[in-house]
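Open your viewer and keep the sequence at hand. We will go from stop to stop, with something to select at each one.

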Amino acid sequence: EGQLVESGGGLVQAGGSLRLSCTASGFVFKNYAIAWFRQAPGKEREGISGITYEGKTRYADSVKGRFTLSRDNAKNTVYLQMDGLKPEATAVYSCAAEHFLSYERRSELYSYGMDYWGEGTLVTVSS
């Protein structure tokens, strides 16, 4: 059974940085793309970034220039570096995995179709 575990969330001041990790197990890591989503209080879940096994990335306009996604395949881990955090970024951040053949057909980072999900990690940005 595929599993994903996020870590690295916490409390940070506005303008600060955090690095989130997503570690996978129970499936063939090289066959899956990894995406990050966030859900703020009272808001819909938002797709913010995705990365293929080869390292090709995509970003939502809301985070371009401030968030950076990377992948360490030897560790079955994806990292999300978040810089210039704003209070509006307060949310539960979750990672998800999708088989690369399905992922490559995506035009948007929406939740439907993802094969495995982590439980999420809370990021709180103070004013």
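Start at strand β9 and strand β10 (residues 116–117), which pair in the antiparallel sense over two bridges. Helices (H or I, at least four residues) and strands (E, at least two) are DSSP runs, numbered from the N terminus, and two strands pair if DSSP finds at least two bridges between them. Select A96 and you will find W117 of β10 standing opposite.

Before moving on, a word about what is on screen. This is a predicted model, in which local features need pLDDT of at least 70 and side-chain atom pairs count only at pLDDT 80 or more, while totals for chains, interfaces and linings use all residues. Residues are numbered from 1 along each chain as its sequence is written, and side-chain values use heavy atoms, with hydrogens and water left out.

**Staying with β9**

Now select residues 91–99, the whole of β9: seven of these nine residues are buried, so the strand is largely enclosed by the rest of the structure. Buried means under 20% relative accessible area, exposed over 50%, and partly exposed in between (1.4 Å probe, protein chains only). Add strand β4 (residues 32–39), which is joined to β9 by eight antiparallel bridges; here F37 faces S94 of β9. Then add strand β11 (residues 121–126), antiparallel to β9 with three bridges, where L122 is the bridge partner of V92.

**An open sheet**

Next, colour β1, β3, β8 and β7, which in that order form an open, antiparallel sheet of four strands. β1 (3–7) and β7 (67–72) stand at the edges with a single partner strand each, so one side of each has no neighbour in the sheet. On average, neighbouring strands here are turned by 15° against each other, direction ignored; the axes are lines fitted to C-alpha atoms, for helices over the stretch in contact, and angles run from 0 to 180 degrees between N-to-C directions. Inside this sheet, look at strand β3 (residues 18–25) and strand β8 (residues 77–82), an antiparallel pair with six bridges.

**Stop at Y79**

Which residue of β8 is the bridge partner of S21? Select Y79, for that is the partner. Y79 is buried, with a relative accessible area of 14%. Leaving out residues up to four places away in sequence, Y79 touches R19, L20, S21, T68, L69, S70 and D72, where contact means heavy atoms within 4.5 Å. Try a distance label too: the C-alpha atoms of Y79 and S7 are separated by 9.6 Å, although the two are 72 residues apart along the chain.

**Into the cores**

Select I34, W36, L80, M82 and Y93, which touch the most other members of the largest nonpolar core, a group of 27 residues. A nonpolar core is a set of buried Ala, Val, Leu, Ile, Met, Phe, Trp, Tyr and Cys residues joined through side-chain atoms within 4.5 Å. β3, β4, β5 (46–51), β7, β8, β9 and β11 each supply at least two residues of this core. A second, separate core has seven residues, including A33, A35, F37 and A96.

**Zooming out**

Finally, show the whole protein, with its one helix and 11 strands. Its C-alpha atoms fill a box of roughly 40 × 30 × 25 Å, taken along the principal axes. Buried residues make up 42% of the 127 residues.
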